Structures are given as structure tokens and as C-alpha cells.
Amino acid sequence: MSAYENDYPDHTRTPGYTHGDEPPCNRSANPTLYDVIDARASRRGILVGGLATAVGGLFGAGAAAPAKAQAKPLLGFKAITVSEADSVVVPEGYRVQVLAPWGTPISGTMPAFRAGANSGAEQGMQVGMHHDGIHFFPIGGSSTDGLVAMNHEYVEARFLHATWRGKEMRESGVRVENDRRDADEVLKEINAHGVSVFRARRGATGDWEVVQDPRNRRITAATPMTFSGPVRGSRHVVTKYSPDGTRTRGTINNCAHGNTPWNTYMTAEENWAGYFRNTDRQDQKPNHPREHARYGVATERSRYAWELAASGADEFVRFDASTRGAGPAEDYRNEPNGFGWMVEIDPFDPNSVPVKRTHLGRFAHEGVVFAPAVPGKPVVCYSGDDARFEYIYKFVSARPYDPATASGALLDEGTLYAAKFNADGTGEWLALAPGHNGLTPANGFADLADILVNTRLAADRAGATKLDRPEWGTVDPRTGEVYFALTNNTSRTEAQVDPVNPRARNQFGQIVRWTESRGEHAATTFRWDLFVVAGDVGTSRGANGRALAADSIFACPDGLWFDAEGRLWIQTDMGESEMNRGDLKPMGNNQMLAADPRTGEIRRFLVGPKGQEITGVITTPDGRTMFVNVQHPGATTSPADFAAGKYVSNWPDGGAAVPRSATLVITRADGGVIGA
Ligand code: FEO
Ligand code: CA
Ligand code: CA
């Protein structure tokens, strides 16, 4: 291990850690989805003994509709094969252009990208790193001109700083010397996080370009933000920066996103806990309050050690949540409580202050998906907590939707629920509200703000069902069914293995779906089934009851999105340490597939370059241009190869270039609708 490599004992070194995961923190006795599946299958008289057998009994019994004759098939492209190439592969007749790679100038003085050599301040005027959730906001309803908003989930610091080249650096390593970090490197990492908003327009040649525009902006891990909803002004978010508990700085680890019915952008704070440390100890053991412990705040040094910036400036010191002052207004013991929220951004107002909407709960938000808003009915949205054995949540607004007046204020008053999946295919939404489901002062939940800051503990207490890392959700525009990706859970025990379809650990993931009672998204009960159990030809089960074929095998569903015509787009995130090897070898590089939920047919549409994940997808309103993000190409580069300047991927610039996350612009040569 190089002296330049950060060897602090972070949670990513813990046994069983999977890339992109937070440390398992759920020690409650609530059942897992597998317990539920097995119990349900048992009650139905199906041979119990493993997942695939049990799952086989579920298909056709739940919400799955039998294939019906269709006038026009939803999927009109020819499936592509798996690929391990360092390139983007799409079906015949499709065209791919790269837009807005990391470092593209968008605002301020428009500093040109200089691979690894831009200053921290320059990075704050350029597209960030590690593109994730993305949305296209048409300007004037256009399908050729709009504002793109996109997340930057995290950074690979070794590619961010050219001065680290030639050193043995691992993917997540940072350079610490004498327990200090270079302050401008820290600023650059902070500015490479957050959200980019920029105008994009199709030019005369058909290629899209980033356009300089007054609305272009970077929101970073340092941008001032406010809290709204029940936690605003509460004791939980009092800090030296905001003694009245109304403000904080920045958003971090922004994974998936959401688009509100009033056309704003919501960015999720996913694996934020490790960005903070709390070194408080008692009897030589870490001594964390529950709002740190249940989320996995680091005990020694944070993920990127931003708190060690040599300048000692307040904006960096705040990542150390250790108790130092006489009270919470004199230190940053509460700083981590300002994270784990959904953050609302108005992309059309560059001066708007992002708002953390606290009533949507505090956890490892993957994103948020809104049910179609209906005038006169509550606004409803769903959000998954992506960590092993965590939950799916739903928020129902107290006030009805009125298109004339709707705003983010609708998200400040309502009820947050956690999902309980019953063994008989029914489900319940458990209210996380004072006096409900044991959430009382006597049980340690003082009030609504206390419940929301400790959302995971509240869901534990309410009895929600532990799931296999809930990632993106999406709502079928034609049926109202809600789909969620459960990406994997390598902690599944041997006792749950099916000897016929051996899955010693759930490496492959599945997609669950449900229908709310009476078709009302605000309902408190639902019916669920599994849409697909991912895997290779021997371990999977598709919605048509058959195993997936070569054209459709995949693992680790993550991004999910229904387009306007009802195609379900499925994106994969096989972790860096697992992809292209072992049981995941048959799947090749991370990819995107399209499914017809009516027939269960799935076809592979796109495969990305080496070392990346495919995440984030949206089309223009006409469905003829699709934007897809490629995140962390080359992340599988070993420390030795990094030192030698040999990167696993040189995408998209080619040659010996450092790899860059970027957006793909996908069109059809004949100008048709993508996927049709
Ligand atoms: Fe950032 Fe759960 O993927
Ligand atoms: Ca994800
Ligand atoms: Ca993921």
C-alpha cells in the first residue's frame, strides 16, 4: 500500500461491503423480503426450499398480467449481445453522441477542462464527476432545447488530481500527509459533487451541445441550502453555522433524482453518512448518538477526510461531528443530521436556494418517484433506502394537488409511511407519525421531527420489511403499478439457498412491483409480486415465468424508468469488485435493457464501457432523443496500473486519457422513438 493511499479503517473495509452500499446498520428483527417470499410460497403449498422455486409460484398469482395480443409491440429494436469492450454498444440503427463529460465548462468564466489540472474553484464552474440521476426540462416545450439537471454521486479522487499520477492509488483512496489534506484538493472534490444544471440544444448537424446560459449553475457540497418541513428549526439541526436550525451547506452523494408535478428537480442524498466522522468515545468505544449510529457515520476518519483540510476553514471542519463545544450551536455535532434528505432545486431560477424537504424522511435516499398527480387528490411519492436490509417509503401530502398553486410546500405537510410486504401478496403502509405504530415519547420518539431525523429507527419500530437494497422506483403510466429495483444483497444466508437454483448470496437482485388498493396511490394497503428475478440463464426468472435468455440476462438492477409509452428501462450496477468475473462474468459490462411489462419480454439495448455503471435515463418529450449517464468508467483500474498510467478505460476521450463520466445522447438514424 502506498503512503499516498488512505488506509483509514472506514466502513468500506468491513467484511461484506459492496461498492455503493452503506454499512449494514439495521439490527432490528423485522423480516426480510425472502422471509416473506418463502412464507408466502409455503402458504400457497409450493415446495419451499429456495428463492427461485418460491418465486415461480408467485408469477401469475399477483399483479402480473398475462400476455395480450398487441397492435404494435413495444420493443422494436434488435437486442444486442453482452460486451466487455471499452466502448458504448447500441442496437443497429441507433447513434450515440457523448455530451457533458466531467469537467465540461458550464458557468462563470467557463474554464476549459484540463485533465486533473483544474483548480478547486474552476471545478465549481464545470460539470461534476460521476453522473447519476438526470432530467430534461424542455424550454418552451421543445424536444431540441432544454435544461439538463443531473447528479454527481461521488468522486474518484485519483482521476481528479493530476499530481497523484504515478502513485499507487486505489479507487477510493485520497492523499493524506501528516494527518492533513491539501485544501484546494478538498475544495475540488467538494465542487465535483452535487448537481449540474445546464442548457443543452440540438444543433444543425443533429449533435447536441452545451449552451452557455444564465440559468447554468453548479450546486455543490458547499452550496447554502435551507430546511423545510417538520425538522426545520428543530434541535436536531442546530449547528455553529445555523444556530436556529434552518440552514446547512451542500448536498452529497446525490444518486437518483425525482421530477415533481410542479416541474422542479429533486436530488437524493444516498451514501452521505461516511462523509462525516464522529470520534466521540466512551470506555474506548465509539460513542455515537442514534442519529449517527443507525446510519453509519464514520468513527475515525471520513470517506474523503475533508475534515482534515489543511486550511482548517469552517466549511471543511464541519465534516467532523465530534463533540467539541459547550453546546450544539458551538460545534458540528449535528452536521450529519442535515444530510440524508431529498433536496428540491428549481432549475429555471439560478438564484433559488435549494430546499431540503424533511418530511420525505432521512435515510440513504436513492431517489424519489412521484405518482401521476391528480387534481383534488394528495401528492404521493415513493423513495427507497439503498442499503442492505433497509426499507421502501411513501409520502402522502396532507393537502390536495392543485396545478395552479402546487409547489414544494405540498411536501412539508403529510404522512410518511414505510412498506410492509405480507406473505400472502398483500402489503401495508405503516404510518411513521406520532402516536402511530408505537412511535411515542415512551418509546423514544419525542415528536415528528425526532421520527423524521431517525426515520430508519421509526420504520424498525413500526415493523417494516427489510429489503435487498431498494434502488430506483418508477410508476407504469398505463397501469399505475409501482416498480422498484432491489439491486442485490450479498448477505443473504446459506439457509435461504435453493439447491436447484443455487444463489448462495443474492448477487443478482430482483424487481418488485405493487398495485395500490382501489388504484389510489394514497391507499394504505397494496398487492405485490416480483416482476423479474435477475440472473443468468440458469438462475433468473422473468415475468413470463421463464428464465431470462442470452438477450436479456442481467444482474443488479439499479436505475428504473418508464417512458411515456410504457417501456420499462432497466439499468444495471454490478459493483466494481464483482463485474466481469465469477458469477457475473456472463453479464459483461454494466448495461441498460428495455422491458415490455405486458408480455414480460426484456431486450438488452445498451452496454457501456469498462469499469462503469449505467445510471440515469430520460428522453425529450417526443421520445426521440434519450439521455443516459455513464458513471465511473475505469473504476476497476488497480493501484499498480494507475501508477503505471494504464487505465482500464480511456472512455470517452480514447488514447491514454483519464476516463470521464459522461452523458450519452442516443438517437435513431431514422429519427424514430427510442426503443420502439
Ligand atoms: Fe447510488 Fe444506490 O446507487
Ligand atoms: Ca443507483
Ligand atoms: Ca447501485
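**Figure 1. Donor spacing at the calcium ion (ligand 3).** Along the chain, the donors of the calcium ion (ligand 3) follow the spacing E-x86-D-x14-D. The view is taken from a predicted model. Coordination of this ion is provided by Glu-471 (OE), Asp-558 (OD) and Asp-573 (OD), at 2.3 to 2.5 Å. Glu-471 also bridges the calcium ion (ligand 3) and the calcium ion (ligand 2), the two ions lying 3.5 Å apart. Because Glu-471 belongs to strand E22 (residues 470-475) and Asp-573 to the loop between strand E27 (568-572) and strand E28 (591-595), the pair ties together parts that are 102 residues apart in sequence. Glu-471 and Asp-573 are both buried.

**Figure 2. Lining of the largest pocket.** The largest pocket holds about 780 Å³ of space. It is lined by 40 residues, of which His-135, Asn-259, Phe-370, Trp-561 and Phe-562 are the closest to its centre. Two or more lining residues come from each of strand E2 (131-138), strand E9 (254-259), strand E15 (369-370), strand E16 (378-384), E22, strand E26 (557-562) and strand E30 (613-619). Strand E22 supplies the largest share of the lining, 5 residues. By residue class, the lining divides into 23 nonpolar, 13 polar and 4 charged residues.

**Figure 3. Surroundings of helix H5 (residues 183-192).** Since 7 of its 10 residues are buried, helix H5 is largely enclosed by the rest of the structure. The buried residues are Glu-185, Val-186, Lys-188, Glu-189, Ile-190, Asn-191 and Ala-192. Their cover includes three helices, H3 (120-123), H4 (157-160) and H7 (314-317), together with strands E3 (145-152), E4 (194-202) and E6 (217-219).

**Figure 4. The two ends of helix H5.** At the N-terminal end, Asp-182 acts as a cap for H5, with a side-chain oxygen 3.0 Å from the backbone nitrogen of Asp-184. Just after the helix, Gly-194 takes a positive phi of about 100 degrees.

**Figure 5. Setting of the close-up views within the whole protein.** The secondary structure comprises 10 helices and 32 strands. The protein has 676 residues, and 63% of them count as buried. Of the contacts between residues at least 6 apart in sequence, 66% join residues at least 24 apart.

Terms used
Residues are numbered from 1 along each chain as its sequence is written. Chains are lettered from A and ligands numbered from 1 in the order in which they are written. This is a predicted model: local features need pLDDT of at least 70, side-chain atom pairs count only at pLDDT 80 or more; totals for chains, interfaces and linings use all residues. Side-chain values use heavy atoms; hydrogens and water are left out. Buried means under 20% relative accessible area, exposed over 50%, partly exposed in between (1.4 Å probe, protein chains only). Helices (H or I, at least four residues) and strands (E, at least two) are DSSP runs, numbered from the N terminus. Contact means heavy atoms within 4.5 Å. A polar contact is a pair of N or O atoms within 3.5 Å; within protein, one must be able to donate a hydrogen and the other to accept it, and residues adjacent in sequence count only if both atoms are side-chain atoms. Donors are N, O and S atoms within 2.8 Å of the metal (3.2 Å for Na, K and Ca); water is not among the atoms, so sites may look incomplete. On a 1 Å grid over the protein atoms alone, a cavity is a set of points where a 1.4 Å probe fits but cannot get out, and a pocket is an open set with protein on both sides within 12 Å along at least five of seven lines; lining residues have an atom within 4 Å of a point. Grid points are joined across faces, edges and corners, and a volume is the space filled by probe spheres set on the points. Ala, Val, Leu, Ile, Met, Phe, Trp, Tyr, Cys and Pro count as nonpolar, Asp, Glu, Lys and Arg as charged, and the others, Gly among them, as polar.
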